[in-house]
Amino acid sequence: MNNFAAIDFETANRHRSSVCSVGIVIVRNGKIRQEIYRLIKPCPNYYNPNNTAIHNLSGKDTASAPSFPDVWSEIAPLINGLPLVAHNSPFDEGCLKAAFEKYGMEYPGYEFFCTCKASRRTFGKSLPNHQLQTVAQKCGYDLRQHHNAMADAIACTHIALAIL
């Protein structure tokens, strides 16, 4: 796979629609062409302390951030026609669909590929687990800011380029 967009969301609370940040890496012809990181005002707009403990984002960080539709209107043309890649893609695809639904937006049916599933097929039991940081390291990328949407999207990109 030489053309794709790796994507990662972080959420503010238990609701998948509560995306509070997104990281996207656009790859064309096997090369990283663009990196996009945006904070998003979550919906519903509250932070669960457990989520904040994971990604270190809080209401102060997103108080003046744009809403999901505003952020997605910027992103959509950049990823048009590209498959989306995520590590544990059911989570990220679920977030995307939930946000579209929450705002009454028509979901365009993005095609998703999962680097976690690909890792299980490729590496099997040779890895202790198939968590993002473990697989990224196996693929030669040192993930230092796990649960930062941009850092996770970059790690996913390196995995996808290595095994998809």
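**Aromatic pairs and nonpolar cores**

Visitor: Which residues does Phe9 touch, not counting residues up to four places away in sequence?
Guide: This is a predicted model. In it, Phe9 has contacts with Phe68, Trp72, Phe91, Asp92, Cys95 and Leu96. The rest of the list is Val19, Ser21 and Val22.

Visitor: Which element gives the largest share of the largest nonpolar core?
Guide: That core has 23 residues, and Phe9, Phe68 and Trp72 are among those with the most contacts inside it. Two or more residues come from each of strand 1 (4-11), strand 2 (19-28), helix 3, strand 4 (84-86) and helix 4 (89-102). The largest share, five residues, is given by helix 3.

Visitor: How many aromatic pairs are there, and is the pair Phe68 and Trp72 stacked or edge-to-face?
Guide: The whole structure holds eight aromatic pairs. For Phe68 and Trp72 the ring centres are 5.5 Å apart and the planes meet at 15°. Planes under 30 degrees apart count as stacked, so this pair is stacked.

Visitor: Where do Phe68 and Trp72 lie, and are they buried or exposed?
Guide: Both are in helix 3 (residues 68-79), four residues apart, about one turn of the helix. Relative accessible area is 2% for Phe68 and 3% for Trp72. The cut-off for buried is under 20%, so Phe68 is buried and Trp72 is buried.

Visitor: Which of Tyr107 and Tyr110 is buried, and which is partly exposed?
Guide: Both belong to one aromatic cluster with Phe68, Trp72, Phe100 and Tyr103. Relative accessibility is 21% for Tyr107 and 15% for Tyr110. With buried set at under 20%, Tyr107 is partly exposed and the buried residue is Tyr110.

How values were computed. Residues are numbered from 1 along each chain as its sequence is written. This is a predicted model: local features need pLDDT of at least 70, side-chain atom pairs count only at pLDDT 80 or more; totals for chains, interfaces and linings use all residues. Side-chain values use heavy atoms; hydrogens and water are left out. Rings of Phe, Tyr and Trp (its six-membered ring) pair if their centres lie within 6.5 Å; planes under 30 degrees apart count as stacked, over 60 as edge-to-face and the rest as tilted. Buried means under 20% relative accessible area, exposed over 50%, partly exposed in between (1.4 Å probe, protein chains only). A nonpolar core is a set of buried Ala, Val, Leu, Ile, Met, Phe, Trp, Tyr and Cys residues joined through side-chain atoms within 4.5 Å. Contact means heavy atoms within 4.5 Å.
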